[in-house]
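Biologist: I have a new model to look through and would love some company. Could we go over it together?

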Amino acid sequence: MPKGSGKVLAQNRKARHDYAIVDTIEAGIVLKGTEIKSIRAARINLKDGYATIRNGEVYLQNVHISPYEQGNVFNHDPVRTRKLLMHKKQIARLIGETKSSGYTLIPLKVYIKDGYAKVLIGLAKGKKKYDKREDLKRKDQKREIDRAMKAR
């Protein structure tokens with residue numbers, strides 16, 4: 001199965017608007033207890049999430065996984081920091097990119113692949129306001145061209 005494919009449970013739609021995505025990396029998520037049940041029920045929010053690298057490990061922060069309804073005392077903190085599972089070479093490359101080039105790591109989507117929860121992390125550079133406007137203009141022009149071609 002190619003990376004990014006599987007049953008998509010959550011997507012960060014605003015990420016492609018706010019950031020220029022240079023590269024994507026697939027990573028596993030270390031979850032506790034009832035968190036996987038909440039993820040399978042699509043009760044996850046990636047909107048304010050980002051990833052950081054500490055001590056040679058990648059961590060996902062500010063991602064909200066709602067508590068599982070039937071979880072009672074076994075539920076965990078909804079916005080706790082979660083470790084991501086990646087190869088050492090991938091982490092080393094990400095460290096170089098984020099330190100030197102000023103890139104950030106943004107979660108793009110969460111999906112189930114072969115029974116495991118995976119997250120697609122994007123290596124991103126922030127867009128300026130004029131870049132966002134330019135993208136919207138290009139999108140509108142493409143839409144107008146498509147309409148004109150369809151009318152023919």
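What follows is a short conversation about confidence, fold, surface and ring contacts.

Biologist: Which element has the lowest mean pLDDT?

Modeller: This is a predicted model, so a word on confidence helps: the chain has a mean pLDDT of 89, and 99% of its residues reach 70 or more. Among the elements, strand β7 (residues 82-85) has the highest mean, 96. At the other end, with a mean of 86, is helix α1 (residues 15-18).

Biologist: Thanks! In what order do the elements run from the N terminus on?

Modeller: There are four helices and nine strands to place. Starting at the N terminus, the order is β-α-β-α-β-β-β-β-β-α-β-β-α.

Biologist: What share of the contacts with a separation of 6 or more joins residues 24 or more positions apart?

Modeller: For scale, the C-alpha trace spans about 60 × 40 × 30 Å along its principal axes, and buried residues make up 34% of the 152 residues. Of the contacts with a separation of 6 or more, the share from residues 24 or more positions apart is 68%.

Biologist: And what part of the accessible surface belongs to carbon and sulfur atoms?

Modeller: The accessible surface of the chain comes to about 9,900 Å². Carbon and sulfur atoms account for 51%.

Biologist: Nice. Which residue lies over the face of Y59?

Modeller: Aromatic pairs won't help us here, as a search of the whole structure finds zero. Charges over rings do occur: K125 lies over the face of Y103, at 5.0 Å from the ring centre. Over the face of Y59, at 4.5 Å from the ring centre, lies R54.

Key: Residues are numbered from 1 along each chain as its sequence is written. This is a predicted model: local features need pLDDT of at least 70, side-chain atom pairs count only at pLDDT 80 or more; totals for chains, interfaces and linings use all residues. Side-chain values use heavy atoms; hydrogens and water are left out. Rings of Phe, Tyr and Trp (its six-membered ring) pair if their centres lie within 6.5 Å; planes under 30 degrees apart count as stacked, over 60 as edge-to-face and the rest as tilted. A charge sits over a ring if NZ of Lys or CZ of Arg is within 6 Å of the ring centre and within 35 degrees of the ring normal. pLDDT is the predictor's confidence in each residue, from 0 to 100. Helices (H or I, at least four residues) and strands (E, at least two) are DSSP runs, numbered from the N terminus. Buried means under 20% relative accessible area, exposed over 50%, partly exposed in between (1.4 Å probe, protein chains only). Contact means heavy atoms within 4.5 Å. Accessible areas come from the Shrake-Rupley method with a 1.4 Å probe; for residues, only the protein chains shown count as cover.
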